[in-house]
Amino acid sequence: MTQEIVHTVTVTGDHVRRGDVISVGGIPHAVADVREVGGQRKLLQFEDGNAYVLSRAMIIEVTRVYVPRRATTAAQRRGATPGTAGASVQAAQRRTSWRNLRGD
């Protein structure tokens, strides 16, 4: 079962992204689309159809939902890509056999 974690983050208008929830006038709005307009401004299109123009440098609080990734153990990470466990050993053996051919 995956649990979601909700964070309130302070970001500039340049770092607002889709899925963020922004409170405008005390009403929460979920961001559906973010576009740059006029160079220094962002147009935030909300899921409810409303829009808001925000300066890229303006500081704003947004609420974000995170789904934490499962933690893996070191053994699971090693076994994640089959066939690569002995790759460094094989490369060392090739270098050694090449030296033997040259007479080193």
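**Exercise 1. Determine what share of the contacts with a separation of 6 or more joins residues 24 or more positions apart, and describe the overall fold.**

*Solution.* Step 1. In the protein, 47% of the contacts with a separation of 6 or more are between residues 24 or more positions apart; a contact means heavy atoms within 4.5 Å.

Step 2. The model is a predicted one, in which local features need pLDDT of at least 70, side-chain atom pairs count only at pLDDT 80 or more, and totals for chains, interfaces and linings use all residues. Residues are numbered from 1 along each chain as its sequence is written, and side-chain values use heavy atoms, with hydrogens and water left out.

Step 3. The protein has two helices and six strands, arranged along the sequence as β-β-β-β-β-β-α-α. Helices (H or I, at least four residues) and strands (E, at least two) are DSSP runs, numbered from the N terminus.

Step 4. Of the 104 residues, 15% count as buried. Buried means under 20% relative accessible area, exposed over 50%, and partly exposed in between (1.4 Å probe, protein chains only).

**Exercise 2. State how confident the prediction is, and where the pLDDT is below 50.**

*Solution.* Step 1. The pLDDT is the predictor's confidence in each residue, from 0 to 100. Its mean for the protein is 78, and 65% of the residues reach 70 or more.

Step 2. Residues 94-102 have a pLDDT below 50, and beyond near neighbours in sequence this stretch has one contact in the model.

Step 3. Where pLDDT is low, the predicted coordinates should not be read in detail.

**Exercise 3. Identify the residues of the largest nonpolar core and the strands that each supply at least two of them.**

*Solution.* Step 1. A nonpolar core is a set of buried Ala, Val, Leu, Ile, Met, Phe, Trp, Tyr and Cys residues joined through side-chain atoms within 4.5 Å.

Step 2. The largest such core has nine residues: Val11, Val16, Ile22, Val31, Leu44, Phe46, Leu54, Ile60 and Val62.

Step 3. At least two core residues come from strand 4 (41-46), and at least two from strand 6 (59-66).

Step 4. Consider Val16, one of the core residues. Apart from neighbours within four places in sequence, Val16 has contacts that include Val11, Ile22, Val31, Leu44, Leu54, Ile60 and Val62. Val34 and Arg64 are also among the contacts of Val16.

Step 5. In soluble globular proteins, nonpolar side chains tend to be buried together.

**Exercise 4. Describe the surroundings of Asp20 and Arg64, and decide whether each is buried or exposed.**

*Solution.* Step 1. Asp20 lies in the loop between strand 1 (5-12) and strand 2 (21-24), whereas Arg64 lies in strand 6.

Step 2. Asp20 is buried because its relative accessible area is 2%. Arg64 counts as buried because its relative accessibility is 8%.

Step 3. The side chains of Asp20 and Arg64 make a polar contact of 2.8 Å. A polar contact is a pair of N or O atoms within 3.5 Å; within protein, one must be able to donate a hydrogen and the other to accept it, and residues adjacent in sequence count only if both atoms are side-chain atoms.

Step 4. A polar atom of the Asp20 side chain also lies 2.9 Å from the backbone nitrogen of Arg17.

Step 5. Not counting residues up to four places away in sequence, Asp20 touches His15, His29, Ala30, Val31, Val62, Thr63 and Arg64. With neighbours within four places left aside, the contacts of Arg64 include Ile5, Val6, His7 and Val11.

**Exercise 5. Explain how strand 4 is joined to strand 5, and place Arg35 in relation to Gln45.**

*Solution.* Step 1. Strand 4 and strand 5 (residues 51-55) run antiparallel and are joined by five bridges; two strands pair if DSSP finds at least two bridges between them.

Step 2. The two strands form a hairpin with four residues between them, and Gly49 in the turn has a positive phi of about 100°.

Step 3. The bridge partner of Gln45 in strand 5 is Ala51.

Step 4. Arg35 belongs to strand 3 and is partly exposed because its relative accessible area is 42%.

Step 5. Arg35 and Gln45 are 10 residues apart in sequence, and their C-alpha atoms are 8.2 Å apart in space. Leaving aside neighbours within four places in sequence, Arg35 is in contact with Arg41, Lys42, Leu43 and Gln45.

Step 6. The side chain of Arg35 also makes a polar contact of 3.0 Å with the side chain of Asp33.
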